[in-house]
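Work through the exercises below with the sequence and the model at hand. Each task is followed by a solution in steps.

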Amino acid sequence: MNQPEHLLTVQNRLGETPIWAPEEKALYWVDWGGRPSYRFVPETSKISTFAVEIPVTALARRASGGFVAIAQNGIFAWDPESNEYEPLAGPPEPENPDICFNDGAVDRQGRLLVGTVNMADPFAPDGSLYRLDADCSLHELDTGYATANGIGLSPDGKTLYVTDMRHNKIVVLNYDPLEGAVSNRRLFASVPSEEGMPDGLTVDAEGYVWSGHWDGWRLTRYDPDGTIERQVRFPVQHVISFAFTGQELEELYVTTAWWGFSDEERKNQPSAGDIFRLKAGIRGLVEPAFAG
């Protein structure tokens, strides 16, 4: 595997959830929390930006066109052509505005799985895992996460991985594709504190799990039993999220961040917040699209 290549200078405060749109041959991603969203076409090197008026934290593809935008205060349909947002679901806990949506992924049946975080205390075990069905009804599946972050499913859609970020671990659950229910939550991998905290997550075509490290300078690939298969070092501290891209889905585009840096730290890490490319030599999977 090659070392990461610095690709795009975008200086995102917190680049999140890159999504490959194969029908457009384009990559979309967000600068977390209400900063601009982005579209990049590798064939032309064209970058487009979209102003955002809501605190968007993640994106997912939508089967009827456009995207699902997960925001702290709700879930929306987003049309990049008009840059308009249509509400699909309200906040996860209307009585507690500190509980906000964070990251998400779509299951093989087209349902959106999304995690939450207590923004007033991200270390509190107040985060939960939800499922948004095609009729836009919202269902709580699991709870007790200290920032529910990256989410991914095995190729057969029967195993669900969820990053329990501030507990420094990734958990794994059995997932019922028919009912959209979870069971048998257990530890998949623990991350030592000196390697930061686990962040974004995806699963490749071989069923191996990729996890970024907040404050860890690296990206880790785990085999399905939780053993580290490889680690890739980056020249930036916060390695956030990633997407398999290209015709063969063998390149990883990786988002990074400079959130919380002092002026001196930003000077010492000038590419923090930029996009990197990694020629993985391993095929990924096209992310499913939300059916609603």
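The exercises cover a strand and its neighbours, an open sheet, two pockets and two backbone angles.

The model is predicted, so local features need pLDDT of at least 70 and side-chain atom pairs count only at pLDDT 80 or more, while totals for chains, interfaces and linings use all residues. Residues are numbered from 1 along each chain as its sequence is written, and side-chain values use heavy atoms, with hydrogens and water left out.

**Exercise 1.** Determine whether the residues of strand 19 are buried or exposed, and which way they point.

Solution. Strands are DSSP runs of E with at least two residues, numbered from the N terminus. Buried means under 20% relative accessible area, exposed over 50%, and partly exposed in between (1.4 Å probe, protein chains only).
- Step 1: strand 19 covers residues 209-214, and six of the six are buried, so the strand is largely enclosed by the rest of the structure.
- Step 2: Val209, Ser211 and His213 point one way, while Trp210, Gly212 and Trp214 point the other way.
- Step 3: in a regular strand, side chains alternate between the two faces of the sheet.

**Exercise 2.** Find the strands that pair with strand 19 and describe the turns.

Solution. Two strands pair if DSSP finds at least two bridges between them.
- Step 1: strand 18 (residues 197-203) pairs with strand 19 in the antiparallel sense over five bridges; here methionine 197 stands opposite tryptophan 214.
- Step 2: these two strands form a hairpin with five residues between them, and glycine 207 in its turn has a positive phi of about 85°.
- Step 3: strand 20 (residues 218-222) is joined to strand 19 by four bridges and runs antiparallel to it. Valine 209 stands opposite tyrosine 222 in this pair.
- Step 4: the hairpin of strand 19 and strand 20 has three residues between the strands.

**Exercise 3.** Which residues other than glycine have a positive phi, aspartate 215 and leucine 249 being the ones to check?

Solution.
- Step 1: aspartate 215 has a positive phi of about 65° and is not a glycine. Aspartate 215 lies in the loop between strand 19 and strand 20, and is partly exposed with a relative accessible area of 35%.
- Step 2: leucine 249 has a positive phi near 55°. Its loop connects strand 22 (238-245) and strand 23 (251-257). Leucine 249 counts as buried at 8% relative accessibility.

**Exercise 4.** What is the strand order of the open sheet of four strands?

Solution.
- Step 1: the order is 2-3-4-5, with antiparallel pairing.
- Step 2: strand 2 (15-21) and strand 5 (46-50) stand at the edges with a single partner strand each, so one side of each has no neighbour in the sheet.
- Step 3: five bridges join strand 2 to strand 3 (residues 26-31), and glutamate 16 has valine 30 as its bridge partner.

**Exercise 5.** How do the linings of the largest and the second largest pocket divide by residue class?

Solution. Ala, Val, Leu, Ile, Met, Phe, Trp, Tyr, Cys and Pro count as nonpolar, Asp, Glu, Lys and Arg as charged, and the others, Gly among them, as polar. A pocket is an open set of points on a 1 Å grid over the protein atoms alone, where a 1.4 Å probe fits, with protein on both sides within 12 Å along at least five of seven lines; lining residues have an atom within 4 Å of a point.
- Step 1: the lining of the largest pocket divides into nine nonpolar, three polar and three charged residues.
- Step 2: the lining of the second largest pocket divides into six nonpolar, three polar and three charged residues; Leu249 is one of its lining residues.
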